[in-house]
Amino acid sequence: MQQSTSTLGFSYIENFRCLADKCADNCCSHNWRIAVNDEQAQNYLDNYPSLYNIIAKDSDGYRIQNNESGCMAQDQGLCIIHRDHGESLLSDTCADYPRMYRSLSQFYTRSGTMSCPEIARKCLFDDHPFALQPTELPDNHKNGTKLQNQNIAALSQTLWQETISDLMESTLDKEKSIEETLSTLWHMATKLEQNSLTDWPKIIMQSKPKQLLSSLKDSAKSAEHTTDLLYMLLENLDRPSETTEHLRQLVIGAFTIHSHDLQNRPRCQLKQEFKDYYQNHKSQWLQSSLKRFVAAEITRTGFPFISHTSNGKDYGTSLKEWTTTLCLRTLTLRLLLSVCGTHYAADRQGNLPDENSVITWVYNFCRKVNHTQPGNNEMDLRQAVLDSQGERLYDYFDFMAM
């Protein structure tokens, strides 16, 4: 089989071009760990001593060193390895990012991560970013080299393509609210787990959202569940990456303390102005942004064919765990975008946020959650939703009860 017909990529990643020194937030300026494998390190040592001098070895292997400006291989936003020696000498980390590759049975897929601002821009604002098209693997992964094969019985390229295309159509359905989209995914997961792969496209297209009725009975319970999402969002914002304290304070300032629990921990409620903003503007930009976030995360993590990301199976090891994690992350992003949008409107005479602002909010969120292990708050919430058979998730859906 020709490689061009055995590899499929999403339109957003196939049309992606690194902006390098033109990027508004160049990834080389961050203190990320850039791994260098033993073969590459030996090649540097034997043939490129200047490159060997900028790598170091730690408990996890070789890596490119960082300085106060970020990666030591950068020069004014350009990679000296790529500039002076060509792409073939790049580490796999740099050659791949923000692309993600998978080996599924007898074919390959290519997607990406919205922790890159240009990928976020394409996923959020391109006309058809999640359409599939034939492509080829790059030289460093030719014929599946360095890709962990996930051999799934009965999975063909045709079945995978049909499943993913149907899933994108369901997720991006303009007639559904984001809450209905998440409800559809959550209940779909149970049916997918219980049925053969060959039935998945039909199940996806027939899945409907369960009626969105919150089970909240009193303000104390509302405050408890609202506090859950606030703490999870703050946990995300506290993860290593570039986030200003100003953004964290904006989020905290959007809440008032409603009461305290038995351990004297505060229970919070969202101020009315932020609830009103979501209600008044969700159809203008919020719902679309959130649905596209969901679609992009589906492509990044390989759902519904659970596989590894660069951070392992960070969304969970079952479809139910995966969809619960996605729902919770989407709901915390919903909260973040509502807070940011409200402040943007207050500063600019009620205007809707421009594209660059939305991109910045989303890709910074993705930088927090896409490259680290789930935090304790997220793990606790995931388990609480699973233990409640989804009832607790429906409480979180009700934005006005926050």
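Ser183 counts as buried, at 0% relative accessibility (buried is under 20% relative accessible area, exposed over 50%, partly exposed in between, with a 1.4 Å probe and protein chains only). Ser183 sits in helix H9, residues 178-194; helices (H or I, at least four residues) and strands (E, at least two) are DSSP runs numbered from the N terminus. Leaving aside residues up to four places away in sequence, Ser183 touches Pro209, Lys210, Leu212, Tyr394 and Phe397, where contact means heavy atoms within 4.5 Å.

A quick word on ground rules: this is a predicted model, so local features need pLDDT of at least 70 and side-chain atom pairs count only at pLDDT 80 or more, while totals for chains, interfaces and linings use all residues. Residues are numbered from 1 along each chain as its sequence is written, and side-chain values use heavy atoms, with hydrogens and water left out.

Now for the empty space. Searching the whole structure turns up three cavities of 30 Å³ or more. On a 1 Å grid over the protein atoms alone, a cavity is a set of points where a 1.4 Å probe fits but cannot get out, and lining residues have an atom within 4 Å of a point. Grid points are joined across faces, edges and corners, and the volume is the space filled by probe spheres set on the points.

The largest cavity holds about 80 Å³. It has 13 lining residues, with Arg102, Thr109, Trp160, Thr299 and Gly302 the closest to its centre. Strands S9 (99-104) and S10 (107-112) and helices H8 (157-171) and H13 (272-301) each supply at least two residues of that lining, and S10 gives the most, with three.

The second largest cavity comes in at about 40 Å³. Ten residues line it, and the closest to its centre are His225, Thr226, Asp395, Tyr396 and Met402. Helices H11 (219-237) and H17 (391-397) are the elements giving two or more residues to this lining; H11 gives the most, with four.

As for chemistry, the lining of the largest cavity splits into seven nonpolar, four polar and two charged residues, and that of the second largest into five nonpolar, three polar and two charged. Here Ala, Val, Leu, Ile, Met, Phe, Trp, Tyr, Cys and Pro count as nonpolar, Asp, Glu, Lys and Arg as charged, and the others, Gly among them, as polar.

Next, some backbone angles to check.

| Residue or bond | Angle |
|---|---|
| Tyr97 to Pro98, cis | omega near 5° |
| Phe303 to Pro304, cis | omega near 5° |
| Asn143 | phi of about 60° |
| Gln349 | phi near 50° |
| Gln389 | phi of about 60° |

Pro98 lies in the loop between helix H6 (92-96) and S9, and Pro304 in the loop between H13 and helix H14 (319-347). Asn143 is in the loop between strands S11 (132-134) and S12 (149-150) and is exposed at 62%. Gln349, between H14 and helix H15 (355-369), is exposed too, at 72%.

Gln389 comes just after H16. That helix, residues 376-387, has twelve residues and reaches 16 Å from first C-alpha to last, close to the 16 Å expected at 1.5 Å a residue (the expected span is 1.5 Å times one less than the number of residues). Buried residues in H16 include Glu378 and Arg382.

Finally, there are zero disulfides in the whole structure, a disulfide being a pair of cysteine sulfur atoms within 2.5 Å. For Cys28, the nearest cysteine sulfur is that of Cys27, 4.6 Å away. For Cys94, the nearest is that of Cys79, 6.0 Å away; Cys94 is partly exposed, at 31%.

Technical notes. 1 Å grid on protein atoms, 1.4 Å probe; cavity = no way out; pocket = protein on both sides within 12 Å on 5 of 7 lines; lining within 4 Å.
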